[in-house]
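Got the viewer open? Let's walk through this one stop at a time, selecting as we go.

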Amino acid sequence: ERELQTEEEIFAEFLRQSEEGNARGFYYVSVAYTSGTGVARNYIEAEKWAREAAERGVTSGIRHLGLFHQLGQGMPVNRVEAQKWYYALAALLPDDEPFLSEVNAKYMSEGQLAEARAQADAWLKAWGEKQSDS
């Protein structure tokens with residue numbers, strides 16, 4: 001097997017990996033769309049692929065998805081959606097640095113934080129049930 005040489009070849013490999021069910025492949029495709037590496041930069045596509053990674057429990061995908069919504073990349077800023085993902089990340093990786101969550105939370109009301117917590121709890125419950133069914 002030869003070494004991948006171009007950004008386009010690397011992107012194609014990320015796509016192939018995701019099509020074969022490699023959950024991290026979805027995250028790598030998202031990063032490529034975010035950075036424009038091997039493919040045209042497209043935040044809408046990047047968010048879609050990050051969501052696919054997140055739905056598979058890839059914590060880097062969860063963090064990336066939260067950041068899309070916090071920064072409003074390719075979509076309007078949605079702090080509740082961002083915080084939902086940060087809360088989910090904290091549940092899955094309790095020792096992870098909460099910097100993004102803390103910054104986002106500074107701009108949210110108590111009601112918004114509670115809504116984000118409820119959404120994260122519901123997602124974690126559904127995700128956990130899917131894992132136990134597998």
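Start by selecting H2 and H4: H2 passes H4 in a left-handed crossing. This is a predicted model, so take the tour in that spirit. The two helices pack at an angle of about 35°, and their axes are 9 Å apart. To see who makes the contact, show side chains: on H2 pick Arg 24, Tyr 27, Ser 30, Val 31 and Thr 34, and on H4 pick Ser 60, Gly 61, His 64 and Phe 68.

Now stay with H2, residues 23-35. Just before the helix, click Asn 22, which caps the N-terminal end of H2 with a side-chain oxygen 2.9 Å from the backbone nitrogen of Arg 24. At the other end, Gly 36 comes just after H2 and takes a positive phi of about 75°. Along the helix, the buried residues are Gly 25, Phe 26, Tyr 27, Val 29, Ser 30, Ala 32, Tyr 33 and Thr 34. What covers them? Turn on helix H1 (7-19), H3 and H4, which are included in the cover.

Next, hop over to H4. Its 13 residues should span 18 Å at 1.5 Å a residue, and the end C-alpha atoms are 18 Å apart, so the two agree. Select Ser 60, Gly 61, Ile 62, His 64, Leu 65, Gly 66, Phe 68, His 69 and Gln 70, and you have the buried residues of this helix. The cover over them includes H2, H3, H5, helix H6 (99-105) and H7. Right after H4 comes Gly 72, with a positive phi near 70°.

Zoom in on His 69 in helix H4. Is this residue buried or exposed? With a relative accessible area of 7%, under the 20% cut-off, His 69 counts as buried. Its side chain makes a polar contact with the side chain of Glu 47, at 3.2 Å. Beyond its close sequence neighbours, within four places, His 69 is in contact with residues including Arg 51, Met 75, Pro 76 and Glu 81.

Time for the core. Which residues have the most contacts inside the largest nonpolar core? Select Tyr 33, Ile 62, Trp 85 and Trp 123; that core has 22 residues. H2, H3 (43-55), H4, H5 (79-92) and H7 (110-133) each supply at least two of its residues. Apart from it lies another core, of six residues, including Val 80, Met 108, Ala 116 and Ala 120.

Last stop: Trp 123. Leaving out neighbours within four places in sequence, Trp 123 is in contact with Ala 54, Glu 55, Ile 62, Lys 84, Trp 85, Ala 88 and Leu 92.

Notes
Residues numbered from 1 in each chain as written. Predicted model: local features only at pLDDT ≥ 70, side-chain atom pairs only at ≥ 80, totals over all residues. Heavy atoms only, no water. Core = buried A, V, L, I, M, F, W, Y, C linked by side-chain atoms within 4.5 Å. Buried < 20%, exposed > 50% of the residue type's maximum accessible area, 1.4 Å probe, protein only. Helix = DSSP H or I, 4+ residues; strand = E, 2+ residues; numbered from the N terminus. Contact = heavy atoms within 4.5 Å. Expected span 1.5 Å × (residues − 1). Polar contact = N/O pair within 3.5 Å; in protein donor to acceptor, adjacent residues only side chain to side chain. Axes fitted to C-alpha atoms, helices over the stretch in contact; angles between N-to-C directions. Left-handed = near helix turned anticlockwise from the far one by under 90°.
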